[in-house]
Structure formats: C-alpha cells, structure tokens
Amino acid sequence: MTDFLAAMGLVLVIEGLIYCGFPNLARKLATEVLATPENMLRMGGLVAVAVGVGVVWLARG
C-alpha cells in the first residue's frame, strides 16, 4: 500500500509540474484529447498500462 501511495504521489507531482510549468501546453493537449477518436484513446491507454506494468516489473525484478 505504501508503494501505491508513493506512485500516486509521483503522478500528482508530474502532472502538477506540467500544469504549473507549461499551462499553454496543458491546454493544447486537453484540446487535442477532445478531438481524438475514442478508440485511439483506448489504445493509447492500453499501451500506457502495458508500459507501466513493464516498468514496475523491471524495477521490482
């Protein structure tokens, strides 16, 4: 549970850095997400999950 909370904290730090440091980029990315077809968003999410699981597996191995 501690590792999960640490991981969630890191996600918040990274997203906060993007919004704080590059607000115009964050707006542009949000606009592009709205224009992206749903199936592409699903595929991108699936790829992100697979890469994330792979990174955690390598880090824990």
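# Report on a predicted helical model

Helix α3 has 23 residues, which at 1.5 Å a residue should span 33 Å; the C-alpha atoms at its ends are 33 Å apart, so the expected and the computed lengths agree. The model discussed here is predicted. Its mean pLDDT is 93, and 100% of the residues reach 70 or more. Among the elements, α1 has the lowest mean pLDDT, 93, while α2 has the highest, 95.

Helix α3 is hardly covered, for the count of buried residues among its 23 residues is zero. Two residues of this helix, R42 and E38, illustrate the point, as both are exposed.

## Salt bridges

How many salt bridges does a search of the whole structure find? The search finds two, and they are listed in the table below.

| Salt bridge | N to O distance |
|---|---|
| D3 with R60 | 2.0 Å |
| R42 with E38 | 2.5 Å |

The pair of D3 and R60 is taken up first. D3 forms its salt bridge with R60 through N and O atoms that are 2.0 Å apart at their closest. D3 belongs to helix α1 and R60 to helix α3, which covers residues 38-60, so this salt bridge ties together parts that are 57 residues apart in sequence. As to accessibility, D3 has a relative accessible area of 48% and is therefore partly exposed, since a residue counts as exposed over 50%. R60, in turn, counts as exposed because its relative accessibility is 59%.

The pair of R42 and E38 lies within one helix. Their side chains meet in a salt bridge with an N to O distance of 2.5 Å. Because R42 and E38 are four residues apart in helix α3, about one helical turn separates them.

## The largest pocket

The volume of the largest pocket is about 160 Å³. Two elements, α1 (2-21) and α2 (23-35), each give two or more residues to the lining of this pocket. Which residues form the lining? They are E15, I18, Y19, A26, L29, A30 and V33. The largest share comes from α2, which supplies four residues. By class, six residues of the lining are nonpolar, none is polar and one is charged.

## A residue of helix α2

R27 is placed in helix α2. Is R27 buried or exposed? Its relative accessibility is 58%, so R27 counts as exposed. A comparison of positions in sequence and in space can also be made for this residue. R27 and V49 are 22 residues apart in sequence, and their C-alpha atoms are 24 Å apart in space.

Note on methods
Residues are numbered from 1 along each chain as its sequence is written. This is a predicted model: local features need pLDDT of at least 70, side-chain atom pairs count only at pLDDT 80 or more; totals for chains, interfaces and linings use all residues. Side-chain values use heavy atoms; hydrogens and water are left out. On a 1 Å grid over the protein atoms alone, a cavity is a set of points where a 1.4 Å probe fits but cannot get out, and a pocket is an open set with protein on both sides within 12 Å along at least five of seven lines; lining residues have an atom within 4 Å of a point. Grid points are joined across faces, edges and corners, and a volume is the space filled by probe spheres set on the points. Ala, Val, Leu, Ile, Met, Phe, Trp, Tyr, Cys and Pro count as nonpolar, Asp, Glu, Lys and Arg as charged, and the others, Gly among them, as polar. pLDDT is the predictor's confidence in each residue, from 0 to 100. A salt bridge is a side-chain nitrogen of Lys or Arg within 4 Å of a carboxyl oxygen of Asp or Glu. Buried means under 20% relative accessible area, exposed over 50%, partly exposed in between (1.4 Å probe, protein chains only). The expected span of a helix is 1.5 Å times one less than its number of residues.
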